[in-house]
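Good morning, everyone, and thank you for making time for this. I would like to walk slowly through a few places where helices meet, and then finish with one residue in a strand. Please have the picture open while I talk.

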Amino acid sequence: MTELPWSAQTYLKFEDERTRPARDLLARVALDRASRVIDLGCGPGNSTALLVERYGIEAVQGLDSDDDMLAKARARLPGTSFLKADLARWRPAEPVDLLYANAVFQWLPGHLDILASLMESLKPGGVLAVQMPDNHREPSHRAMEETGADGPWAQAFADGHLRRIPLPAPADYLQRLQGLSATVDVWHTVYYHPMANAQAIVDWVEGTGLRPYLAAVAPEERDAFRAAYLKRIDAAYPPMADGRRLLAFRRLFVVAAKG
(Lines give C-alpha, C1' and ligand atoms only; values in the text may rest on other atoms or scores of the structure.)
Protein backbone atom coordinates (compact mmCIF):
# COMPACT_ATOMS: atom_id res chain seq x y z
CA MET A 1 0.00 0.00 0.00
CA THR A 2 1.30 3.45 -0.93
CA GLU A 3 1.04 5.99 1.86
CA LEU A 4 -0.99 8.97 0.69
CA PRO A 5 0.34 12.27 2.04
CA TRP A 6 -1.93 14.44 4.09
CA SER A 7 -3.31 17.43 2.20
CA ALA A 8 -3.84 20.57 4.23
CA GLN A 9 -5.71 22.08 1.29
CA THR A 10 -8.23 19.21 1.24
CA TYR A 11 -8.59 19.33 5.01
CA LEU A 12 -9.26 23.07 5.02
CA LYS A 13 -12.10 22.90 2.49
CA PHE A 14 -14.31 22.62 5.55
CA GLU A 15 -12.27 24.70 7.98
CA ASP A 16 -15.22 26.23 9.81
CA GLU A 17 -16.91 22.86 10.38
CA ARG A 18 -13.66 21.24 11.52
CA THR A 19 -12.85 24.13 13.87
CA ARG A 20 -16.21 24.15 15.66
CA PRO A 21 -15.36 21.17 17.91
CA ALA A 22 -11.94 22.70 18.57
CA ARG A 23 -13.66 25.82 19.90
CA ASP A 24 -16.08 23.73 21.96
CA LEU A 25 -13.20 21.76 23.46
CA LEU A 26 -11.27 24.89 24.41
CA ALA A 27 -14.38 26.41 25.97
CA ARG A 28 -14.34 23.58 28.52
CA VAL A 29 -10.73 24.19 29.57
CA ALA A 30 -10.76 26.04 32.91
CA LEU A 31 -7.35 27.69 32.58
CA ASP A 32 -7.50 31.45 32.32
CA ARG A 33 -3.72 31.73 32.06
CA ALA A 34 -1.02 29.37 30.84
CA SER A 35 2.67 29.78 30.06
CA ARG A 36 3.16 26.50 28.19
CA VAL A 37 0.50 25.12 25.86
CA ILE A 38 1.02 22.45 23.20
CA ASP A 39 -1.38 21.72 20.35
CA LEU A 40 -0.95 17.99 19.70
CA GLY A 41 -1.63 17.06 16.08
CA CYS A 42 -1.99 20.72 15.20
CA GLY A 43 -2.66 20.09 11.49
CA PRO A 44 -2.74 23.30 9.42
CA GLY A 45 -2.91 25.49 12.52
CA ASN A 46 -6.65 26.23 12.73
CA SER A 47 -6.81 24.91 16.30
CA THR A 48 -3.43 26.45 17.17
CA ALA A 49 -4.82 29.87 16.24
CA LEU A 50 -7.53 29.47 18.89
CA LEU A 51 -4.92 28.69 21.53
CA VAL A 52 -2.75 31.66 20.49
CA GLU A 53 -5.76 33.96 20.71
CA ARG A 54 -6.49 32.81 24.25
CA TYR A 55 -3.03 32.32 25.75
CA GLY A 56 -0.69 34.41 23.63
CA ILE A 57 1.86 33.56 20.97
CA GLU A 58 4.73 33.05 23.41
CA ALA A 59 2.88 30.34 25.32
CA VAL A 60 1.79 28.09 22.44
CA GLN A 61 3.62 25.46 20.41
CA GLY A 62 2.15 23.22 17.69
CA LEU A 63 3.16 19.63 17.05
CA ASP A 64 2.42 17.42 14.04
CA SER A 65 4.03 14.56 12.10
CA ASP A 66 3.14 15.77 8.59
CA ASP A 67 5.27 18.22 6.61
CA ASP A 68 2.42 19.68 4.55
CA MET A 69 0.30 20.36 7.62
CA LEU A 70 3.25 21.98 9.39
CA ALA A 71 4.07 24.14 6.37
CA LYS A 72 0.50 25.49 6.29
CA ALA A 73 0.53 26.04 10.06
CA ARG A 74 3.81 27.97 9.92
CA ALA A 75 2.53 30.12 7.06
CA ARG A 76 -0.64 30.85 9.00
CA LEU A 77 1.08 31.62 12.32
CA PRO A 78 4.64 32.70 11.44
CA GLY A 79 5.48 33.76 14.99
CA THR A 80 4.45 30.47 16.56
CA SER A 81 6.80 27.56 17.25
CA PHE A 82 5.98 24.29 15.47
CA LEU A 83 7.64 20.91 15.98
CA LYS A 84 7.62 17.77 13.86
CA ALA A 85 7.23 14.69 16.05
CA ASP A 86 5.50 11.33 16.35
CA LEU A 87 2.86 11.70 19.03
CA ALA A 88 2.98 7.98 19.85
CA ARG A 89 6.49 8.46 21.27
CA TRP A 90 6.86 12.19 21.95
CA ARG A 91 6.66 13.56 25.47
CA PRO A 92 7.37 17.15 26.58
CA ALA A 93 10.77 17.84 28.07
CA GLU A 94 9.27 19.86 30.92
CA PRO A 95 5.85 20.11 32.57
CA VAL A 96 3.06 21.77 30.59
CA ASP A 97 -0.06 23.74 31.54
CA LEU A 98 -2.25 22.46 28.71
CA LEU A 99 -1.97 19.53 26.33
CA TYR A 100 -4.67 20.04 23.71
CA ALA A 101 -5.54 17.56 20.97
CA ASN A 102 -8.20 18.18 18.34
CA ALA A 103 -8.98 15.07 16.24
CA VAL A 104 -5.69 13.19 16.36
CA PHE A 105 -5.73 10.38 18.93
CA GLN A 106 -8.28 8.32 16.97
CA TRP A 107 -5.38 7.49 14.62
CA LEU A 108 -3.24 6.03 17.43
CA PRO A 109 -3.94 2.48 18.63
CA GLY A 110 -3.66 2.10 22.38
CA HIS A 111 -4.06 5.81 22.93
CA LEU A 112 -5.49 5.31 26.42
CA ASP A 113 -1.95 4.49 27.55
CA ILE A 114 -0.60 7.54 25.72
CA LEU A 115 -3.14 9.81 27.39
CA ALA A 116 -2.27 8.41 30.81
CA SER A 117 1.42 8.99 30.11
CA LEU A 118 0.75 12.57 29.00
CA MET A 119 -1.07 13.29 32.27
CA GLU A 120 2.27 12.82 34.00
CA SER A 121 3.70 15.66 31.88
CA LEU A 122 1.24 18.23 33.20
CA LYS A 123 1.95 20.78 35.89
CA PRO A 124 -0.23 20.58 39.00
CA GLY A 125 -3.58 21.99 37.91
CA GLY A 126 -2.69 21.40 34.26
CA VAL A 127 -5.23 20.11 31.77
CA LEU A 128 -5.34 17.41 29.10
CA ALA A 129 -8.08 18.27 26.58
CA VAL A 130 -8.88 15.81 23.79
CA GLN A 131 -11.49 15.55 21.03
CA MET A 132 -11.84 12.60 18.63
CA PRO A 133 -14.29 11.63 15.90
CA ASP A 134 -16.40 8.68 17.07
CA ASN A 135 -18.52 7.94 14.03
CA HIS A 136 -17.34 4.63 12.59
CA ARG A 137 -20.96 3.40 12.64
CA GLU A 138 -22.15 6.25 10.42
CA PRO A 139 -23.00 5.58 6.74
CA SER A 140 -19.99 7.64 5.63
CA HIS A 141 -17.65 5.12 7.25
CA ARG A 142 -19.63 1.95 6.62
CA ALA A 143 -19.63 2.87 2.92
CA MET A 144 -15.82 2.87 2.90
CA GLU A 145 -15.74 -0.79 3.91
CA GLU A 146 -18.58 -1.70 1.57
CA THR A 147 -16.86 -0.03 -1.37
CA GLY A 148 -13.59 -1.72 -0.52
CA ALA A 149 -15.23 -5.14 -0.49
CA ASP A 150 -17.07 -4.65 -3.77
CA GLY A 151 -14.86 -4.00 -6.78
CA PRO A 152 -11.69 -5.03 -8.61
CA TRP A 153 -9.72 -3.81 -5.58
CA ALA A 154 -11.48 -6.17 -3.13
CA GLN A 155 -8.39 -8.30 -2.53
CA ALA A 156 -6.58 -5.30 -1.07
CA PHE A 157 -9.19 -5.16 1.69
CA ALA A 158 -9.75 -8.89 2.21
CA ASP A 159 -7.95 -9.12 5.55
CA GLY A 160 -9.85 -6.20 7.08
CA HIS A 161 -6.65 -4.41 8.07
CA LEU A 162 -8.15 -0.99 7.34
CA ARG A 163 -11.26 -1.51 9.41
CA ARG A 164 -11.38 1.35 11.90
CA ILE A 165 -11.15 0.15 15.49
CA PRO A 166 -13.95 1.75 17.54
CA LEU A 167 -12.92 4.14 20.26
CA PRO A 168 -12.97 2.79 23.81
CA ALA A 169 -16.17 3.35 25.76
CA PRO A 170 -16.51 6.60 27.72
CA ALA A 171 -16.20 4.60 30.95
CA ASP A 172 -12.76 3.39 29.81
CA TYR A 173 -11.44 6.94 29.58
CA LEU A 174 -12.88 7.80 32.99
CA GLN A 175 -11.44 4.72 34.66
CA ARG A 176 -8.01 5.12 33.02
CA LEU A 177 -7.59 8.80 33.88
CA GLN A 178 -9.46 9.35 37.14
CA GLY A 179 -6.63 8.01 39.30
CA LEU A 180 -4.27 10.51 37.66
CA SER A 181 -6.63 13.49 37.76
CA ALA A 182 -8.53 15.71 40.13
CA THR A 183 -11.44 15.80 37.68
CA VAL A 184 -12.29 14.00 34.44
CA ASP A 185 -15.14 15.00 32.15
CA VAL A 186 -16.20 12.84 29.18
CA TRP A 187 -19.03 13.54 26.75
CA HIS A 188 -20.26 13.14 23.19
CA THR A 189 -21.51 15.83 20.83
CA VAL A 190 -23.14 15.15 17.46
CA TYR A 191 -22.61 17.90 14.88
CA TYR A 192 -25.02 18.14 11.96
CA HIS A 193 -23.38 19.63 8.89
CA PRO A 194 -25.58 20.57 5.90
CA MET A 195 -23.45 19.69 2.88
CA ALA A 196 -24.04 21.06 -0.62
CA ASN A 197 -24.38 17.60 -2.18
CA ALA A 198 -23.13 14.02 -1.94
CA GLN A 199 -19.81 14.97 -3.53
CA ALA A 200 -19.19 17.42 -0.69
CA ILE A 201 -19.43 14.54 1.80
CA VAL A 202 -16.87 12.61 -0.24
CA ASP A 203 -14.62 15.67 -0.26
CA TRP A 204 -14.98 15.93 3.52
CA VAL A 205 -13.90 12.36 4.25
CA GLU A 206 -11.17 12.40 1.60
CA GLY A 207 -9.36 14.87 3.86
CA THR A 208 -9.28 12.31 6.69
CA GLY A 209 -10.89 8.86 6.96
CA LEU A 210 -10.97 7.93 3.26
CA ARG A 211 -7.23 8.42 2.81
CA PRO A 212 -6.16 4.89 3.87
CA TYR A 213 -8.77 3.32 1.58
CA LEU A 214 -7.59 5.29 -1.44
CA ALA A 215 -3.99 4.44 -0.57
CA ALA A 216 -4.82 0.72 -0.59
CA VAL A 217 -5.98 0.66 -4.22
CA ALA A 218 -3.80 1.08 -7.29
CA PRO A 219 -3.43 4.71 -8.40
CA GLU A 220 -5.22 3.99 -11.67
CA GLU A 221 -8.24 2.63 -9.72
CA ARG A 222 -8.69 5.54 -7.32
CA ASP A 223 -11.11 7.52 -9.48
CA ALA A 224 -13.28 4.42 -9.89
CA PHE A 225 -13.14 3.84 -6.13
CA ARG A 226 -14.23 7.44 -5.50
CA ALA A 227 -17.10 7.05 -7.96
CA ALA A 228 -18.29 3.81 -6.35
CA TYR A 229 -18.05 5.39 -2.90
CA LEU A 230 -19.93 8.49 -4.10
CA LYS A 231 -22.78 6.28 -5.34
CA ARG A 232 -23.18 4.77 -1.88
CA ILE A 233 -23.00 8.18 -0.20
CA ASP A 234 -25.65 9.54 -2.58
CA ALA A 235 -28.00 6.75 -1.52
CA ALA A 236 -27.16 6.95 2.20
CA TYR A 237 -27.69 10.70 2.56
CA PRO A 238 -30.94 11.68 0.80
CA PRO A 239 -31.43 15.34 -0.09
CA MET A 240 -33.33 17.64 2.23
CA ALA A 241 -36.00 20.00 0.89
CA ASP A 242 -33.33 22.49 -0.22
CA GLY A 243 -31.25 19.79 -1.94
CA ARG A 244 -28.48 19.69 0.64
CA ARG A 245 -27.39 16.50 2.45
CA LEU A 246 -27.16 16.36 6.25
CA LEU A 247 -23.93 14.82 7.54
CA ALA A 248 -24.08 13.70 11.17
CA PHE A 249 -20.66 13.72 12.81
CA ARG A 250 -20.29 12.33 16.35
CA ARG A 251 -17.31 13.36 18.44
CA LEU A 252 -15.98 12.27 21.84
CA PHE A 253 -14.53 14.85 24.26
CA VAL A 254 -12.26 14.22 27.25
CA VAL A 255 -11.03 16.93 29.63
CA ALA A 256 -8.89 15.86 32.58
CA ALA A 257 -7.38 18.25 35.14
CA LYS A 258 -4.38 17.18 37.18
CA GLY A 259 -4.58 17.56 40.95
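Let me begin with helix α5, residues 111-119, and helix α7, residues 170-177, whose axes come within 10 Å and cross at roughly 35 degrees. Please keep in mind throughout that this is a predicted model. The crossing of α5 and α7 is a right-handed one. On the α5 side the contact is made by His111, Leu112, Asp113, Leu115, Ala116 and Met119, while α7 contributes Asp172, Tyr173, Arg176 and Leu177. If we sort the residues of this contact by character, we find six nonpolar, one polar and three charged.

Before the next pair, a general point about helices may help you to read such lists. An α-helix has 3.6 residues a turn, so residues three or four places apart point the same way.

Now please turn to helix α2, residues 15-27, and helix α3, residues 46-55, which pack at an angle of about 40 degrees with their axes 9 Å apart. Because of that angle, α2 counts as oblique to α3. The crossing of α2 and α3 is right-handed, and the residues that make the contact are Glu15, Arg18, Thr19, Ala22, Arg23 and Leu26 from α2, together with Asn46, Ser47, Leu50, Leu51, Arg54 and Tyr55 from α3. Here the residues divide into five nonpolar, three polar and four charged.

One residue of this contact deserves a moment to itself, and that is Asn46, which belongs to helix α3. Is Asn46 buried or exposed? Its relative accessibility is 3%, and because buried means under 20%, Asn46 counts as buried. The side chain of Asn46 also has a partner, since a polar contact of 3.0 Å joins it to the side chain of Thr19.

The third pair is helix α8, residues 198-206, with helix α10, residues 222-236, and these two pack at an angle of about 120 degrees, their axes being 9 Å apart. With that angle, α8 and α10 are therefore oblique to each other, and α8 passes α10 in a right-handed crossing. In this contact Ala198, Gln199, Ile201, Val202, Val205 and Glu206 of α8 meet Arg226, Tyr229, Leu230, Ile233 and Asp234 of α10. The division this time is seven nonpolar, one polar and three charged.

Let us stay with α8 a little longer, and ask how many of its nine residues are buried. Seven of them are, so that the helix is mostly covered, and the buried residues are Ala198, Ala200, Ile201, Val202, Asp203, Trp204 and Val205. At its N-terminal end, α8 is capped by Asn197, which has a side-chain oxygen 3.2 Å from the backbone nitrogen of Gln199.

Finally, I would like to leave the helices and look at Phe82, which lies in strand β3, residues 81-84. Phe82 has a relative accessible area of 10% and is therefore buried. Which residues is Phe82 in contact with, leaving aside its neighbours within four places in sequence? They are Cys42, Thr48, Gly62, Leu70, Ala73, Arg74 and Leu77. As a last check on your sense of scale, Phe82 and Pro166 are 84 residues apart along the chain, and their C-alpha atoms are separated by 30 Å.

That is where I will stop, and I am glad to take questions.

Definitions and conventions: Residues are numbered from 1 along each chain as its sequence is written. This is a predicted model: local features need pLDDT of at least 70, side-chain atom pairs count only at pLDDT 80 or more; totals for chains, interfaces and linings use all residues. Side-chain values use heavy atoms; hydrogens and water are left out. Axes are lines fitted to C-alpha atoms, for helices over the stretch in contact, and angles run from 0 to 180 degrees between N-to-C directions. Helices (H or I, at least four residues) and strands (E, at least two) are DSSP runs, numbered from the N terminus. Angles under 35 degrees count as roughly parallel, over 145 as roughly antiparallel, 65 to 115 as roughly perpendicular and the rest as oblique. A crossing is left-handed if the near helix is turned anticlockwise from the far one by less than a right angle, and right-handed if clockwise. Contact means heavy atoms within 4.5 Å. Ala, Val, Leu, Ile, Met, Phe, Trp, Tyr, Cys and Pro count as nonpolar, Asp, Glu, Lys and Arg as charged, and the others, Gly among them, as polar. Buried means under 20% relative accessible area, exposed over 50%, partly exposed in between (1.4 Å probe, protein chains only). A polar contact is a pair of N or O atoms within 3.5 Å; within protein, one must be able to donate a hydrogen and the other to accept it, and residues adjacent in sequence count only if both atoms are side-chain atoms.
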